[in-house]
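Biologist: I'm new to this one. Can you walk me through it?
Modeller: Happy to. Here it is.

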Amino acid sequence: MRIIPTDHRSEMGREGARLFAEQIRSKPDSVLGLATGETPRELYAILIEYFNKGELDFSNISTFNLDEYVGLPADHNQSYNYYMHDALFNHVNLQSDRCHVLDGTAPDLAAECRAYDQLIQEYGGIDMQLLGIGVNGHIAFNEPADQFIQWTHEAQLTPSTIAVNSQYFDTPEEMPTSALTMGVNSIFQADKIVLIASGFSKAEILEQALFGPVTPEVPASILQMHKDVTLVADADAMSAIRRN
Ligand code: PGA
């Protein structure tokens, strides 16, 4: 694993964006795996800056998002489809038919998941996958459990994730309790993974994920087994790694 330590969250975003910009320039028809949450916002904003300066072209890029809440329509302001349009898709020249987000309102969720994995294969797999890490060690919505789930599936969200994410909803009860998520194998097929982390709240779990035992109790620990992971983290997120 390569580690790019940065001083602040904004520098983390800049370094992460630099890796994605390099990927896009070196392979203009790259397939990118994208993540949502607070951590990637800066990274997306910087990719938009590059685009506005004429330094990046997304016209042949394809994207697959990691996850989506079950039951939220694409136009709900807390859906990840909405987030991606707001944070990136509406601001660069991505072709809408190449931007893929799971549909949490699909009538047959299992079929939606199977079709998603198949579509990723049809696109030739993901070249570079962006990942955040949850305070409970989740990657995408692969929550702590007694086994890793390999492919895209419906996941029940843990109380910890519900507590963290329900703050973004008007009322906590509105937050869905399950989500569709790429599985560990879906993620692992990516050639390169960029893991981003910011803030003290991620410090302990990041240290456990990268240097503790590989266990489904800490889903991000599986990243120790991937051939090409780059961690971009700010000083607060790196604090437990530095201490140990
Ligand atoms: P965050 O979420 O970026 O909002 O901290 C990360 C995650 O839960 O994977």
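**Rings and pockets**

Modeller: Keep in mind that this is a predicted model. Let's start with two rings: F64 is buried, and Y116 is buried too.

Biologist: How are the rings of F64 and Y116 arranged, stacked or edge-to-face?
Modeller: They form an edge-to-face aromatic pair. The centres are 5.5 Å apart, with 80 degrees between the planes.

Biologist: Which parts does that pair tie together?
Modeller: F64 lies in strand 3 and Y116 in helix 4, so the pair ties together parts that are 52 residues apart in sequence. Strand 3 covers residues 62–65. Helix 4 covers residues 109–122.

Biologist: What about Y80 and F141, stacked or edge-to-face?
Modeller: Stacked. That aromatic pair has 6.1 Å centre to centre and 20 degrees between the planes.

Biologist: Where do Y80 and F141 sit in the chain?
Modeller: Y80 is in helix 3. F141 is in the loop between strand 6 (128–131) and strand 7. The two are 61 residues apart, so the pair links distant parts of the chain.

Biologist: Are Y80 and F141 buried or exposed?
Modeller: Both Y80 and F141 are buried.

Biologist: Which residues form an aromatic cluster with them?
Modeller: Y69 and F169 join Y80 and F141 in one aromatic cluster.

Biologist: How many aromatic pairs are there?
Modeller: The count comes to eight aromatic pairs.

Biologist: What lies over the face of Y50?
Modeller: R25 does, at 5.4 Å from the ring centre.

Biologist: New topic, pockets. What volume does the largest pocket have?
Modeller: About 710 Å³.

Biologist: How many residues line the largest pocket, and which lie nearest its centre?
Modeller: The lining has 38 residues. T36, G37, E38, Y80 and N165 lie nearest the centre. So Y80 turns up here as well as in the aromatic cluster.

Biologist: Which helices and strands supply at least two residues each of that lining?
Modeller: Strand 4 (67–69), helix 3 (80–87) and helix 5 (159–165) each do.

Biologist: How does the lining of the largest pocket divide by class, and what are the numbers?
Modeller: There are 16 nonpolar, 16 polar and six charged residues.

Biologist: And how much space lies in the second largest pocket?
Modeller: About 160 Å³. The second largest pocket is lined by 16 residues. Nearest its centre are N142, E143, A145, I149 and H153.

Biologist: Where does the largest share of that lining come from?
Modeller: From strand 7, residues 153–156, which gives four residues.

Biologist: What classes of residue are in the lining of the second largest pocket?
Modeller: Nine are nonpolar, five polar and two charged.

Key
Residues numbered from 1 in each chain as written. Predicted model: local features only at pLDDT ≥ 70, side-chain atom pairs only at ≥ 80, totals over all residues. Heavy atoms only, no water. 1 Å grid on protein atoms, 1.4 Å probe; cavity = no way out; pocket = protein on both sides within 12 Å on 5 of 7 lines; lining within 4 Å. Points joined across faces, edges and corners; volume = space filled by probe spheres on them. Nonpolar A, V, L, I, M, F, W, Y, C, P; charged D, E, K, R; others polar. Phe/Tyr/Trp six-rings, centres within 6.5 Å; stacked < 30°, edge-to-face > 60°. Buried < 20%, exposed > 50% of the residue type's maximum accessible area, 1.4 Å probe, protein only. Lys NZ or Arg CZ within 6 Å of the ring centre and 35° of its normal.
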